[in-house]
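Subject: Structure for you to look over

Dear colleague,

I am handing over the structure we spoke about, together with some notes on what was found in it. Please read the notes with the structure open beside them.

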Amino acid sequence: MTGDGRDPILRVMPRPADINANGHIFGGWVLSQMDIAGGIVAARRAQGQVATVAIDAMEFIAPILLHDLISVYAEIEKVGTSSMKIRIEVVATRDGGKTNAKVTEAIFTFVAIDENARPRPVDAG
């Protein structure tokens with residue numbers, strides 16, 4: 001997804017409170033940023049509220065460091081009746097912008113929901 005001229009859905013820099021005992025960023029913090037970005041893409045497509053229902057296998061390829069700028073890319077992989085699979089990739093920019101490192105990737109599944117938090121058709125927004 002990176003390097004093809006797309007803009008990230010989310011760009012954020014972790015804070016000192018986001019560091020674990022190893023000096024890297026907590027995996028849960030990264031996961032939450034991915035969920036936010038995926039939710040933005042899914043809600044736009046569903047034209048309404050969505051809920052995260054699954055995360056496919058996820059692997060941390062490289063650590064995220066304190067001064068990294070994190071770019072989260074997300075794109076729709078598949079649309080079903082009420083659900084969407086969103087491919088999410090996280091890239092860390094470091095060394096003052098000289099280096100980009102892909103740090104993780106996963107597919108999140110979101111379900112379009114109505115005002116009662118019940119599944120609804122994606123295209124019934």
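What follows goes through the strands, the core, the helix and the salt bridges in turn.

Please keep in mind throughout that this is a predicted model.

I begin with strand 5, which covers residues 83-94 and is mostly covered, nine of its 12 residues being buried. On one side strand 5 pairs with strand 4 (residues 69-79) in the antiparallel sense over 10 bridges, and within that pairing I70 stands opposite A92 of strand 5. The link from strand 4 to strand 5 is a hairpin that runs through three residues. Strand 5 also pairs with strand 6 (residues 99-112), again in the antiparallel sense and over 12 bridges, with I86 standing opposite F108 of strand 6. These two strands likewise form a hairpin, here with four residues between them, and D95 in that turn has a positive phi of about 60°.

The next topic is the core. The largest nonpolar core has 25 residues, of which I86 and V90 touch the most other members. Helix 1 (27-46), strand 4, strand 5 and strand 6 are the elements that give two or more residues to this core, and the largest share, seven residues, comes from helix 1. Which residues does V90 contact, leaving aside its neighbours within four places in sequence? Its contacts are V30, M34, I64, I70, S71, V72, A101, K102, V103 and T104.

Two of those contacts, V30 and M34, are also among the buried residues of helix 1, which further include W29, Q33, A37 and V41. The buried residues of this helix pack against strand 1, strand 2 (50-55), strand 3, strand 4, strand 5 and strand 6. As for the geometry of helix 1, its 20 residues should span 28 Å at 1.5 Å a residue, and the end C-alpha atoms are indeed 28 Å apart, which agrees. Just after helix 1, Q47 takes a positive phi of about 50°.

I close with the charged side chains, where a search of the whole structure finds eight salt bridges. One of them joins E75 to R6, with the closest N and O atoms 2.1 Å apart; because E75 lies in strand 4 and R6 in the segment before strand 1 (10-12), this pair ties together parts that are 69 residues apart in sequence. Both partners are partly exposed, E75 with a relative accessible area of 23% and R6 at 44% relative accessibility.

A second salt bridge brings together the side chains of D18 and R15, at 4.0 Å from N to O. Here D18 counts as buried, at 9% relative accessibility, whereas R15 is exposed, with a relative accessible area of 54%.

A further salt bridge is formed by D68 and R94, whose closest N and O atoms are 2.6 Å apart. D68 lies in the loop between strand 3 (59-60) and strand 4, and R94 lies in strand 5, so the pair ties together parts that are 26 residues apart in sequence. Both D68 and R94 are buried. Elsewhere, salt bridges that share partners join E77, R87, E89, K102 and E105 into one network.

With best regards

Notes. Residues numbered from 1 in each chain as written. Predicted model: local features only at pLDDT ≥ 70, side-chain atom pairs only at ≥ 80, totals over all residues. Heavy atoms only, no water. Buried < 20%, exposed > 50% of the residue type's maximum accessible area, 1.4 Å probe, protein only. Pairing = 2+ DSSP bridges. Core = buried A, V, L, I, M, F, W, Y, C linked by side-chain atoms within 4.5 Å. Contact = heavy atoms within 4.5 Å. Expected span 1.5 Å × (residues − 1).
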